[in-house]
Amino acid sequence: MPNRLDLPSDFRWGVSTAAYQIEGAVDEDGRGPSIWDTFAARPGAVRDGHSGAVACDHYHRYAEDIALMRGLGLDGYRFSIAWTRIRPTGAGPANPAGLDFYDRLVDALLAAGITPLPTLFHWDLPQALEDGGGWLARDTAYRFAEYTAVVADLLGDRVPAWITLNEPFVHMVYGYAMGIHAPGRALMLDALPAAHHQLLGHGLAAAVLRERGLDVMIANNLTPVRPASSSEADQAAATAYDALHNRLFTDPILLGHYPDLSAFGVGPDLGGSVRDGDLKLIAGPGLDALGVNYYNPTRIAAPTDPGLPFAEAPIEGVPRTAFDWPVVPDGLRELLTGLRDRYGAALPPITITENGCSVADEPAADGTVSDPDRIDYLAGHLDALAAAVAEGVDVRGYFTWSLLDNFEWAQGFSQRFGLVHVDFETQRRTPKASYAWYRDLIAAQRARRAG
């Protein structure tokens, strides 16, 4: 039962969202275009021609959404700040209306007793910066640090901890290597400069935050990598994939160097992207906490395509989400204990910054929304998290994805991850059964602490 979870007394409960997925109002109050505005306008890029132009209309309905958060009894809310609301072209003067929105949002969260946890970059790069090369260009990292300073100066008196980047691996691979997310480039291994420049941006932004006495995090999408068999070829492929997915964006920050990418024909300078002093800057401020986004393990076999040193293999015999992702709760325990074993004393405390599932849930005739598969998913993963804590992993909080059904990137509105159902035509919010379950779990954990 969820009320028997053995977690630290100061464990933090939250939910996560992202600006482009919920805010809407893309043409209001001086906001500039982002790469997702451009990508979504491309015919065939997003399922059913959807976009985040309206999304959940959170820009106008944030008070209603904070009331829903308050009803859950949350400790924290992880959201992202739209860079193009602050600096519409990615550089130049700040936009007062954009600053005012996040100023009001933070004050409203604090008034509700909820600690804000902002993410500075959640994939919505200003289009003007992409026109200049995007994350393939070193200059973007410096523009990111400037934007960080503007926002930190506005909110740093009320916001103690900040996430620099969300899932830089996914942004590099889907956006720059495969072209299935914005900005839609299909460069394969030539996308690797986007890895280094995102990390350089993290290091520069981390220094800005530390200068202001603020805590620094990054949210990495991580996955336990399992070889498809005990064969030497499958194990070598799994090692290569693990280096790319898990270590590329973690080793430089925690260990000060890139992992071995020789299986990809890439040296430690990532094809000439790394300059003297870069790795010291990336690792320099360290992390106060590591954000971990977990959804499923990955099974890897020897390559079938000569272009890559690995091939993905299916995970069979387990339930699957509406997104067709395998449901393997113990993978979270495996991941967390693996991080502890790999990084040892270099590993900071961990916060689960995303974990959740897509379910094909719709209101019944009486208006209620039943989502037992989501409840089972969350319960199983929280059991796995508690098992990792029992094995000595320092996990400080859990932020489920997501508060609201929202714009799910290239899948448009076809995938529902929310604890709250959103009717995208009327914007009506309906708490699902999982909302009540999560609310009761949090209350039970608090009662257990007090007792």
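**Note on a three-stranded sheet and two cysteines**

1. In this predicted model, β6 and strand β8 (residues 298–301) pair in the parallel sense over 3 bridges, where strands are DSSP runs of E of at least two residues, numbered from the N terminus, and two strands pair if DSSP finds at least two bridges between them. Within this arrangement, V225 stands opposite T298 in β8.

2. The open sheet is formed by 3 strands in the order β6-β8-β9, with mixed pairing. Its edge strands, each pairing on one side only, are β6 (225–227) and β9 (311–313). On average, neighbouring strands of this sheet are turned by 45 degrees against each other, direction ignored; the axes are lines fitted to C-alpha atoms, for helices over the stretch in contact, and angles run from 0 to 180 degrees between N-to-C directions.

3. Helix α10 (residues 232–247), which lies across β6, β8 and β9, runs at about 170 degrees to β6; a helix here is a DSSP run of H or I of at least four residues, and contact means heavy atoms within 4.5 Å.

4. The disulfide count comes to 0, a disulfide being a pair of cysteine sulfur atoms within 2.5 Å. C56 forms none because its sulfur is 17 Å from the closest cysteine sulfur, in C357, which is too far for a bond. C56 is buried (under 20% relative accessible area, 1.4 Å probe, protein chains only), with a value of 0%, and C357 is also buried, at 3%.

5. On conventions, residues are numbered from 1 along each chain as its sequence is written, and side-chain values use heavy atoms, leaving out hydrogens and water. Local features need pLDDT of at least 70 and side-chain atom pairs count only at pLDDT 80 or more, whereas totals for chains, interfaces and linings use all residues.

Notes:
Buried < 20%, exposed > 50% of the residue type's maximum accessible area, 1.4 Å probe, protein only.
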